[in-house]
Amino acid sequence: MSTSDRPPRVLGVFAHPDDEVFCAGGTFAHYTAQGAEAMVVSATRGEAGQIRDATIATRATISAVRETELRRACDLLGVRHVTCLDHRDGALAETPPDTLATEIAQVIDAFEPDVLITFGDDGAYGHPDHIAISAATSFAVERTRARAVRLFHSHFPRSGILLRERLARWLVELGNQFRGSVDFAHALSLFAQESTTMRFAGDDVDVRWFPPGFAIVEQGEPATALYLILSGEADVVRDEPDGDRHVVARLGTGEFFGELGVAHHTPRTAHVVASTSTTCLVLTADEPERFTGRGASARLVGSVEGEDGPPIGHGATTVMDVRDHVDAKVAAIAAYRSQYPIEPGMFPPGMLADMYGTEYFVRILPPPAPDTDLFG
């Protein structure tokens with residue numbers, strides 16, 4: 001870090017409230033804990049975002065709510081300076097690049113950061129606002145009057161971590177049947193979808209509806225998915241060697257099934273049949289194949305790959321170990337109640353550390369060389 005007579009400074013320039021947490025939340029917490037001064041700029045107030053808790057916001061109030069959430073999240077990360085520009089959520093790509101770059105350059109000149117973080121030119125997953133803010137920030141750095149700044153792009157390599165494996169391990173460690181609340185089921189659904197969108201996990205995540213009588217899984221077929229019941233009920237039915245069939249248990253909202261099979265890639269030990277209209281969150285290693293067969297004798301089956309996929313981090317020039325700050329990062333995510341109605345203690349700590357304990361960046365300026373420190 002800097003040895004000058006002022007604290008080192010880190011600036012993050014993003015498109016929406018909450019981008020800062022997913023792009024660099026642990027990194028902000030890491031450096032502010034060491035005494036760095038940090039600032040986050042959001043080009044919009046996120047007024048086009050989801051309202052996942054209607055008790056928190058309405059469409060008329062969502063922009064003000066998300067700005068408040070941004071400030072609360074940044075406080076949890078140790079970021080003391082927060083600014084929202086007045087651009088429209090979803091329309092950054094329509095904003096004249098020179099206008100946006102001029103505003104960002106003014107912030108850079110005033111704050112004089114040593115390090116600047118923004119999205120990569122792919123926008124993480126192709127979001128037009130993310131792409132626009134990346135381009136405008138790069139343009140701004142070229143024209144700023146401030147002293148040389150180290151420019152980094154957040155990098156999101158596809159993760160080999162599988163949520164289904166981590167959850168399965170956690171469920172086995174609990175030693176008894178887990179049943180979460182409706183809030184837990186809702187939160188895990190949002191958490192899983194966001195984690196895979198941002199590539200923190202490599203699962204395919206889907207929500208599927210099954211009518212009464214539908215065999216969601218069949219006894220003897222290979223275990224390729226983990227299910228969480230979001231609504232409805234299902235019966236666990238076992239076929240015995242003598243041909244007898246009997247109901248072993250009934251599962252309801254907040255309960256998992258398939259976990260032992262998923263953990264060990266062994267055949268299913270029972271059928272699970274929807275007894276009412278049942279909706280499940282389904283985690284699989286890959287997108288389901290169109291021609292997958294059913295039953296123990298099926299020859300066309302989905303992937304049953306190993307626990308973790310390929311190594312991650314490809315393309316990154318800077319790899320930050322932020323495991324000591326995962327709690328702060330998750331608390332900052334939870335501060336966005338309108339977007340992520342979760343509680344920090346809902347999920348297995350080990351899974352969170354695996355997913356959020358490393359952050360990746362590509363150094364754009366000056367020309368990159370591999371390192372583990374943004375100030376390097």
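Biologist: Happy to start with the shaky part: how many contacts beyond four places in sequence does the model have for residues 303-311, where pLDDT stays under 50?

Modeller: Good place to begin, as this is a predicted model. Over residues 303-311 the pLDDT stays under 50. Where pLDDT is low, the predicted coordinates should not be read in detail. With that caution, the model's count of contacts for residues 303-311 beyond four places in sequence is 27.

Biologist: And what is the mean pLDDT of the protein chain?

Modeller: Of the chain's residues, 88% reach a pLDDT of 70 or more. Residues 260-264 are another stretch below 50, with 12 contacts beyond near neighbours in sequence. For the protein chain, the mean pLDDT is 88.

Biologist: Now the helices: is H3 parallel, perpendicular or oblique to H5?

Modeller: Helix H3 covers residues 97-111 and helix H5 covers residues 128-143. Their axes come within 8 Å and cross at roughly 60°. Angles from 65 to 115 degrees would count as roughly perpendicular and those under 35 as roughly parallel. The crossing therefore makes H3, relative to H5, oblique.

Biologist: Which class of residue has 12 members in the contact of H3 with H5?

Modeller: H3 brings residues including Leu100, Ile104 and Ile108, while H5 offers Ile133, Phe139 and Val141 among them. The contact also has 2 polar and 2 charged residues. The class with 12 is nonpolar.

Biologist: Last one: does Asp371 count as buried or exposed?

Modeller: Asp371 sits in the segment after strand E15. Beyond four places in sequence, Asp371 touches Arg150, Thr317, Thr318, Val319 and Arg363. Its relative accessibility is 18%, and the cut-off is under 20%, so Asp371 counts as buried.

Technical notes:
Residues numbered from 1 in each chain as written. Predicted model: local features only at pLDDT ≥ 70, side-chain atom pairs only at ≥ 80, totals over all residues. Heavy atoms only, no water. Helix = DSSP H or I, 4+ residues; strand = E, 2+ residues; numbered from the N terminus. Buried < 20%, exposed > 50% of the residue type's maximum accessible area, 1.4 Å probe, protein only. Contact = heavy atoms within 4.5 Å. Axes fitted to C-alpha atoms, helices over the stretch in contact; angles between N-to-C directions. Parallel < 35°, antiparallel > 145°, perpendicular 65-115°, else oblique. Nonpolar A, V, L, I, M, F, W, Y, C, P; charged D, E, K, R; others polar. pLDDT = per-residue confidence, 0-100.
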